[in-house]
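User: Please take a close look at one part of this model and describe it carefully, together with the aromatic pairs and any buried charge that deserve attention.

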Amino acid sequence: VVGPPAAGGHAEAKDDEAARKREAKAEKKREAKRLAKEKRAREEAERAAAPARPDRPAPARPAPSEPAEPEPKVEATEESKSERKKEAKAQRQRADAPPLPPKDKDGLIGGDVVLFEQIQPNVAFLIENVARKHLEGRAYDVKYHARWTDAITQDVLDQCRALSPNFKWMISCLIVQKKDRTAIFSESVAYFDQQMDGYAAYEYSGSKCLCVVHVFSAAI
């Protein structure tokens, strides 16, 4: 007669099953560790066998650009300043100059001018310009007195003749040294046709000299 199995035998079977599962789980972990270790070993061997790669030089950093030096300022010399002033003054004079007399049918400037009053503004303007051109900024010097007088009278005569060929011209110039109480009195008298002839004058007063220019014009 076979009786029922003992209760203790069933418990032992369960313990053996659990032990086998634990053992299998531990074996899987050991296998995974072994495989990982072999993989690392192969990678290290491959790196050791591979030729060494030369180190790439670091890209050169561009040198900091230095700020461009400003161009040196050219200091204006006294001569250049004087030239600029003269040029500016000449431009103002050209702008203020009265228009020249019109040309006639033959192309002569002022060929149709017969009355002095038609060119009187031009004569007054040129007298002032000529006197200033020769005397402005100069100190009186007796050595150059005759030279200045001759230059002024000849310059005025040439410019008056260029205004019209229909007049005769007479020019006088007086230059004196200017002192503390210098006074000059000048008077001119002429007998001419008041409608066609004419007269103009200009007085230049500088720091060192005085100049009086007279221009008489008689129609031909």
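Analyst:

**Helix H3, the aromatic pairs and Asp197**

In H3, the buried residues are Asn122, Val123, Leu126, Ile127, Asn129, Val130, Ala131, His134 and Leu135. The model is a predicted one, and in it this helix covers residues 120-135, 16 residues in total, with 23 Å between its first C-alpha and its last, close to the 22 Å expected at 1.5 Å a residue. After the helix comes Gly137, which has a positive phi near 80°.

Turning to the aromatic side chains, a pair of rings is described by the distance of the centres and the angle of the planes. Ring centres must lie within 6.5 Å to pair, and by this rule the count comes to 4 aromatic pairs. One of them joins Tyr144 and Trp148, whose ring centres are 6.1 Å apart with planes at 20°, so this pair is stacked, given that planes under 30 degrees apart count as such. Its two members differ in exposure, because Tyr144, at 32% relative accessibility, is partly exposed, whereas Trp148 is buried with a relative accessible area of 7%.

Another pair is formed by Tyr199 and Phe216, with ring centres 5.0 Å apart and planes at 40°, and it is therefore tilted. This pair links distant parts of the chain, since Tyr199 belongs to strand E2 (residues 198-205) and Phe216 to strand E3 (residues 209-219), 17 residues apart. Here Tyr199 counts as partly exposed at 36% relative accessibility, while Phe216 is buried, its relative accessible area being 16%. Beyond these two pairs, Phe116, Phe167 and Trp169 form one aromatic cluster.

A member of that cluster, Phe116, also appears in the surroundings of Asp197. Asp197 is placed in the loop between strand E1 (167-177) and E2. Leaving aside neighbours within four places in sequence, its contacts are Phe116, Phe192, Ser217, Ala218 and Ala219. The residue is buried and yet has no salt bridge, with Lys168, the nearest side chain of opposite charge, 9.9 Å away; a salt bridge would require a side-chain nitrogen of Lys or Arg within 4 Å of a carboxyl oxygen. What the side chain of Asp197 does reach is the backbone nitrogen of Ala219, at 2.7 Å, and Ala219 is also listed among the contacts of Asp197.

How values were computed
Residues are numbered from 1 along each chain as its sequence is written. This is a predicted model: local features need pLDDT of at least 70, side-chain atom pairs count only at pLDDT 80 or more; totals for chains, interfaces and linings use all residues. Side-chain values use heavy atoms; hydrogens and water are left out. Rings of Phe, Tyr and Trp (its six-membered ring) pair if their centres lie within 6.5 Å; planes under 30 degrees apart count as stacked, over 60 as edge-to-face and the rest as tilted. Buried means under 20% relative accessible area, exposed over 50%, partly exposed in between (1.4 Å probe, protein chains only). Helices (H or I, at least four residues) and strands (E, at least two) are DSSP runs, numbered from the N terminus. Lys and Arg count as positive and Asp and Glu as negative; His and the chain ends are not counted. A polar contact is a pair of N or O atoms within 3.5 Å; within protein, one must be able to donate a hydrogen and the other to accept it, and residues adjacent in sequence count only if both atoms are side-chain atoms. Contact means heavy atoms within 4.5 Å. The expected span of a helix is 1.5 Å times one less than its number of residues.
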